[in-house]
Amino acid sequence: MKKAAPKKKAPVQLTAGTGFRNENCIGARFLLDLLAGTNTLGVDFGKIDRLQWQGRDLGWLADDLVVECTASTGKRSAGISIKSDRQVTSSGFPPDFVGIAWAQWFGVKTERVLRGTDDAVALMVGSLAHDVEDAWSNLLSDALRTTPERMTARLAEPVADEGSQSSALQRALFASLDCPDELRNEGDTSDSATMQLLRRIRLMRFDFEATPSRDHDHALRDCQNILRSGDTDEATSLWSRLVAIADANRAGGSIDLASLLVELRDQFDLRDHPDYRYDWEVLDRSSRELMADIRGEISGLAPLPRSEARAKVLDCLNRDRACFLVGESGSGKSALAKQIGEADYDRCLWFAESAVDHDTESAFEREIGLTHPLGEILAASPAPCLIVFDSIERYSPRARRLVHRWMAALLAEDGLKHVHLLVTGQIEPAPKLIRSFIEAGLPAALHSATSLDPPSEDEVQGLVAPIAELQWASLRPELRPLLTNLKILDWLVAAARSGKAINPASIIGVSYLVDTLWERWIEGDTDQLSRSHLLMRLGTLEGDSLLVSVPRMQLSQSEQAALGSLTASDLVRIRDQRVRFTHDMLGDWARLNVLIGEPGLSAPSVRARAKLPRWHRPIRLFGQRLLEQAEDGPERWRQAVEGLEDGTEEGAIIRDQLIEALFLATNAVPLLQRSWDALAANGGRLLRLMLERFMFAATLPDPRIGALLSSTEEKGEWEHLFRLPYWPYWGPMLTVLHAHREEVARLVPHAAAKLCALWLKSVPVEFGDGQPMPWRKDAAELALAIGREVQALNAEGNYYSDGHDKTVYEAVLSAAPEMPDEVAQLCL
């Protein structure tokens with residue numbers, strides 16, 4: 001970066017002596033313009049950005065004061081010479097000012113050239129005859145409205161007996177601006193050039209030294225108008241303060257609006273410039289407390305860079321001003337949001353679910369302690385700001401309505417461009433959340449989700465390689481997928497480093513890992529039963545009420561006795577007399593243990609919770625536990641599923657969660673393989689049901705539908721038909737279906753063909769580096785096997801597809817990039 005040149009000190013005779021009262025008052029007048037958004041130079045100069053005193057180092061020869069502005073046409077500046085006496089008379093401008101103006105015009109002894117710019121040189125005087133002032137005003141006004149050549153003709157000496165289009169005084173003022181002899185060799189000094197220079201000259205009179213003073217009275221009225229109180233005494237104090245600030249800067253200072261407000265805010269309450277410092281302190285303190293709860297690294301290990309994920313989110317934010325980031329619980333969404341907020345934005349605001357649980361913006365502002373509206377606070381700070389709504393699926397309906405109103409205002413066409421929104425959520429509720437965004441009329445940026453991919457198994461293996469206690473985990477392929485869940489990995493690393501041995505042989509699946517960690521948290525202390533009871537009690541209260549935290553007084557005295565040890569173990573946190581889990585997975589695991597204690601999933605207490613979203617994941621975990629922890633696990637899982645098919649809505653919901661447990665799992669491949677016989681039984685009835693659930697639960701609405709359809713109703717009607725794969729779930733499913741492709745083709749050809757067609761049509765053939773897209777080959781071979789099976793059935797003549805064969809051939813044709821010869825042969 002180029003180093004700024006040091007300020008040149010002005011000569012002593014320019015900065016000391018008499019007559020500076022007028023100069024200080026003129027400086028104060030421009031400071032008042034800076035506050036009020038006005039401009040004494042005229043509206044064509046726009047709004048003032050900065051004032052600089054003694055501007056010789058900026059290239060100005062009229063250097064008492066430099067006014068830098070932003071007009072509709074761009075940046076404009078004016079160098080001002082301030083005199084307290086009468087400088088301009090009926091004879092015209094003083095020679096020294098004329099010499100300065102022409103030297104500035106040609107750029108003599110300065111790099112700043114006035115010619116060819118919209119800048120100006122100004123002479124501001126304390127005295128000016130009224131006829132001279134009127135003549136100059138009319139002359140400048142006419143010159144700005146017509147061409148230099150035509151204006152020069154008007155100022156020609158009148159011919160006898162013919163009228164004149166100018167006065168003698170105007171002609172004298174123009175004649176006085178002729179270029180001095182010593183500068184005539186610098187360029188064009190014709191009358192036309194002189195007229196062009198005249199258009200860049202401003203002459204203004206200020207009577208601050210007169211009694212009474214019109215300009216002083218005008219300044220006091222303006223001070224009253226910008227003060228919230230409008231009090232005359234306070235206006236007088238404000239004007240005196242502005243004069244003092246101008247005097248303090250007269251020797252070579254510089255000031256813009258921000259620095260001027262710093263000087264004034266402790267003393268004056270300005271109507272158009274409220275003091276937001278206290279509000280920012282409130283918001284920053286609250287955000288820092290919430291962000292401090294989010295860990296960006298795993299138990300002391302080097303943090304995963306996740307540079308690709310970060311770049312993807314930032315690209316979305318910079319393009320659309322908003323991003324909806326979705327991923328599995330424990331995938332690191334909050335940690336990534338925190339990293340982006342701290343590293344890529346000047347400010348990051350993080351809102352807790354309870355803080356925004358209000359009907360109106362004003363109720364929120366009162367509760368949190370803000371003294372100004374949130375939108376006004378954000379607008380007053382031009383610094384890039386990221387607002388994070390973390391885990392939005394945990395927000396109450398009332399909180400979401402408030403947040404939707406904020407989102408709509410901030411993302412509107414005329415919204416705050418420097419404020420970006422990052423919304424995080426889990427993958428399962430993402431379609432409903434997107435639907436709510438559409439219904440709230442939010443822009444297209446929130447009509448689709450940006451998925452956070454889990455880290456690769458190789459990345460995780462490299463991360464835990466230095467930990468001797470976890471070598472067994474990194475060397476067992478069946479456990480590596482479990483460790484890609486960063487929260488599970490964090491807990492496992494913390495447990496390994498605690499010094500208490502973990503039996504590797506006991507961990508053969510996610511449910512075993514849950515049991516091992518739960519036992520370590522709960523059963524290792526003397527108050528093990530009370531700790532276990534309290535965690536399950538908190539999980540139940542949270543799941544039943546949809547609250548994100550539980551009032552401490554809702555717990556009995558005996559239950560509260562265990563709060564201290566759970567807090568010390570970093571399992572729960574207490575804030576504002578409310579208790580919450582440190583991570584939502586803890587709540588899921590606590591509710592899982594509640595379900596384990598129930599007589600079965602058909603129990604009335606379980607059915608009563610079927611429609612409560614926070615019980616769905618624990619039910620899926622229960623299903624995974626059924627499959628993993630018994631020799632006859634698949635049969636018990638099948639019986640549980642079929643036992644829930646009683647025609648009730650509650651039974652269907654619980655059944656669907658048990659089916660989704662097979663593929664919404666970190667270790668989906670072994671679960672699907674273990675349950676395959678149960679899925680394929682009875683003509684593949686449960687396999688067909690699983691694929692139907694998969695096509696909904698493992699996909700997200702296609703955002704292109706939102707762009708094509710205008711009404712919310714139309715989008716709701718069509719979004720279930722047009723969906724895109726959420727790829728982390730698809731690899732395990734395609735792997736297992738491909739391994740059993742002959743059986744799949746025979747049992748569920750059309751359901752499987754629909755799955756293959758969606759994958760093959762939705763994902764590219766190759767990555768950007770030319771590598772084949774994973775699982776396309778699996779899907780292509782599966783589609784081909786289905787096509788051959790259907791073709792054979794058609795050849796037998798006793799097969800009726802009810803029109804579903806179209807999907808089969810669509811899948812087959814989509815497999816052509818991978819298997820062109822086979823597809824061609826099948827289609828001939």
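The exchange below walks through a predicted model, from overall build to single residues.

It is a predicted model, where local features need pLDDT of at least 70, side-chain atom pairs count only at pLDDT 80 or more, and totals for chains, interfaces and linings use all residues. Residues are numbered from 1 along each chain as its sequence is written, and side-chain values use heavy atoms, with hydrogens and water left out.

Colleague: What is the radius of gyration of the protein, against that of a compact globule of 828 residues?
Modeller: The radius is taken over C-alpha atoms, and the globule rule is 2.2 Å times the number of residues to the power 0.38. The C-alpha trace spans about 120 × 75 × 50 Å along its principal axes. The compact globule would come near 28 Å, but the protein has 38 Å.

Colleague: How many helices and strands does the protein have?
Modeller: Both are DSSP runs, numbered from the N terminus: helices are H or I with at least four residues, strands are E with at least two. The count is 40 helices and 16 strands.

Colleague: What share of the residues is buried?
Modeller: Buried means under 20% relative accessible area, exposed over 50%, and partly exposed in between, with a 1.4 Å probe and protein chains only. The accessible surface, by the Shrake-Rupley method with a 1.4 Å probe and, for residues, only the protein chains shown as cover, comes to about 37,200 Å². Carbon and sulfur atoms hold 51% of that surface. Of the 828 residues, the buried share is 52%.

Colleague: Among contacts between residues at least 6 apart in sequence, what percentage joins residues at least 24 apart?
Modeller: Contact means heavy atoms within 4.5 Å. Of the contacts between residues at least 6 apart, the share joining residues at least 24 apart is 71%.

Colleague: Which strands pair with E1?
Modeller: Two strands pair if DSSP finds at least two bridges between them. Strand E1 (residues 47-53) runs antiparallel to a strand at residues 65-71 over 6 bridges, with Leu51 opposite Val67. A second antiparallel pairing, over 3 bridges, puts Arg50 opposite Asp256. The partners are E2 and E6.

Colleague: Is the pairing of E3 with E4 parallel or antiparallel?
Modeller: E3 (residues 74-86) also joins E2, antiparallel, through 7 bridges. Those two form a hairpin with 2 residues between them, and Val67 stands opposite Ala78. On the E4 side (residues 120-127) there are 7 bridges, with Lys83 opposite Val125. The E3 to E4 pairing is parallel.

Colleague: Why do E12 and E13 each have one side without a neighbour in the sheet?
Modeller: The 3 strands form an open antiparallel sheet in the order E12-E14-E13. E12 (550-551) and E13 (572-575) each have a single partner strand, so one side of each lacks a neighbour, because they stand at the edges.

Colleague: Which residue of E14 is the bridge partner of Val550?
Modeller: E12 and E14 (residues 578-581) pair antiparallel over 2 bridges. Helix H23 (residues 528-545) lies across E12, E13 and E14, at about 100° to E14; axes are lines fitted to C-alpha atoms, for helices over the stretch in contact, and angles run from 0 to 180 degrees between N-to-C directions. The partner of Val550 is Val579.

Colleague: How many disulfides does the structure hold?
Modeller: A disulfide is a pair of cysteine sulfur atoms within 2.5 Å. The sulfur of Cys69 is 19 Å from the closest cysteine sulfur, in Cys223, so it is too far for a bond. Cys69 is buried at 1% relative accessible area, and Cys179 is buried at 4%. The number of disulfides is 0.

Colleague: What is omega for the peptide bond from Thr211 to Pro212?
Modeller: Most peptide bonds are trans. This one is cis. Pro212 lies in the loop between E5 (201-205) and H8 (214-226). Omega is near -5°.

Colleague: What is phi of Asp570?
Modeller: Asp570 sits in the loop between H25 (563-568) and E13, and is partly exposed at 31% relative accessibility. Gln577, in the loop between E13 and E14, also has a positive phi, about 60°. For Asp570, phi is near 60°.

Colleague: Is Leu270 buried or exposed?
Modeller: Leu270 lies in the loop between H10 (257-264) and H11 (277-292). Not counting residues up to four places away in sequence, Leu270 touches residues including Leu35, Ile226 and Leu261. With a relative accessible area of 2%, Leu270 is buried.
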